[in-house]
Amino acid sequence: MNDETFLNERVQVVASFGEGLNLCRPLVFKRPNGREVKVTELGLRHPANKGVRTVHIFDVTDGGTDYRLELDTERLTWHLTMEADHYE
Amino acid sequence: MNNGSHNTSRPMIMHIDLNSCFATVEQQARPMLRGRPVAIANRRTEHTSIVTASYEAKALGVTLGMKVWQARKLAPDLVVLESDPPKYRYVYHKLMDIMKRYSAHITMKSIDEGVIDFYQTTGAMQQRDLAEIGYEIKQRLYDEVGCAMNCNVGIGPNRFLAKTAASLHKPNGLDVIDHTNLRQVYGTLTLRDLTGIAYHNEARLNKVGIYTPLQFLDADVTTLQKIVFKSIVGEQWYQRLRGWEVDDTTHDIKTVGRQYVLEARGLPRAQILQRLHNLCESVGHRMRSQGKAARGVFVYAKSPTAGYWHRRHMAPLPFFSNQAIYAQAALLFSEAPDTIKEIGVSCYQLEDDTDRQLSLFGDELARVQRVTAAIDAINQRFGDGTLHSAHTLGTQRHVKQKIPFGSTRYL
């Protein structure tokens, strides 16, 4: 089985808002333990509903680990909800 | 129509099929999975069936329907992920958006495939080379969803040949079947490669000496209609194989159902009934979302000792509420075997929910209708399962909403 860890960590995110397919693109995020993760690729962004709230789910990678970030559009908060690495 | 000849018109039906859809979407979302054998299951346990495998996993012999533990023997490095319906729904809607740019006449056949009917589109669009449009759609999928996404495109004079063309070169192929290469393509296929020919139909054909698609094509209509299929279906196959359209039909919804493989063997009956109740709530919600009420309830159970067990019941009047469905299902279930590994419930004999017959209990019926509508509205606004019976409390973490295969009604 792969190594998926499900989390609910509030993270600080630097994101760019621009044009094109992905209007919002997370670039770097900082975890509560102080570790900074530089996003090298945005795999997929898709919206999902949490009750009446819409969250945007960003599946990203730093080149070694896949992460799932969730942007709550109502509260404007970012959470790291999944980390998956190695797959060994 | 035709008198037995092939349809020689320009092929203008395009079938688009996302390759290993769920696995590819996961590989798109999670770049570290690309190039690795990936399988998607509805639950991450060793006894769950695989619903999609990536091409890397398929190359190692992993197939759909295989249990996870069986797949691991073939592919020890297999990465098994639990299905993520919102992600697949998003890609489904993206594919639909791309297809709608070419024609208003599109039909989504399932969550990962759709058909564009260019016979009914604008003159300007019809003048374009459809193969060129096919490559354009592939590029748009790549640009607008992601670089790991690819699809098969098939073009033919009818839906059947377009789908057949889409299955010729996987992954990422584009093929055209028309009257000029029809026999050549059939010559490379087996009967089971034809959509709609599975075990039983193959056996029927074998009984009259038809073992290949070419023999099927050369069979006369009377043999197919009177001896093989013993119905109009025989004539439909005769037309379909020659490229004439017989599948441009929509079917009314006939049943609404859900099933659940119990998370553990030996669950007490009370807990199994809770899960059955959860399924009934889900079935009721789906049925009402289509504006339907039911007359019949069907329940089944699979037991490791007693095998397949089922019961059904027809009510004198249509019903629509979760409570009514569960009351009947639970009653039927009282005769179910002791040890159970899978349960299912479905409603049938559906009718429109707009014209309910007046009953002696009209006031009571109206009250139930209002309460049910209010519950549905709350669940619609705040998410499925916000309001549910106290009896099903705690079952949501086991009985999760999964991808409805086949139908796109609930996407």
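Tutor: Before we look at this predicted model, one term is needed: two strands pair if DSSP finds at least two bridges between them.

Student: In what sense do strand E2 of chain B and E3(B) pair?

Tutor: Strand E2 of chain B covers residues 38-41, and three bridges are found between E2(B) and E3(B). At least two bridges are needed for a pair, so the three bridges here qualify E2(B) and E3(B) as paired strands. The sense of this pairing is antiparallel.

Student: Which residue in E3(B) is the bridge partner of Ala39(B)?

Tutor: Strand E3 of chain B runs over 50-53, and the partner of Ala39(B) is to be sought in E3(B). That bridge partner is Ala53(B).

Student: Which strands are the edge strands of the open sheet in chain B?

Tutor: The open sheet has three strands, with mixed pairing, in the order E3-E2-E4 of chain B. An edge strand here pairs on one side only, and this holds for the strands at 50-53 and 79-82 of chain B. The edge strands are therefore E3(B) and E4(B).

Student: What angle does the direction of helix H1 of chain B make with that of E2(B)?

Tutor: Helix H1, residues 21-29 of chain B, packs on the sheet and touches E2, E3 and E4 of chain B. Within the sheet, neighbouring strands are turned by 30° against each other on average, direction ignored. Between the directions of H1(B) and E2(B), the angle is about 115°.

Student: What is the mean pLDDT of chain B?

Tutor: In chain B, 94% of the residues reach a pLDDT of 70 or more. The mean pLDDT of the chain is 89.

Definitions and conventions:
Residues are numbered from 1 along each chain as its sequence is written. Chains are lettered from A and ligands numbered from 1 in the order in which they are written. This is a predicted model: local features need pLDDT of at least 70, side-chain atom pairs count only at pLDDT 80 or more; totals for chains, interfaces and linings use all residues. Helices (H or I, at least four residues) and strands (E, at least two) are DSSP runs, numbered from the N terminus. Axes are lines fitted to C-alpha atoms, for helices over the stretch in contact, and angles run from 0 to 180 degrees between N-to-C directions. Two residues are in contact if their C-beta atoms, placed from the backbone, lie within 7 Å. pLDDT is the predictor's confidence in each residue, from 0 to 100.
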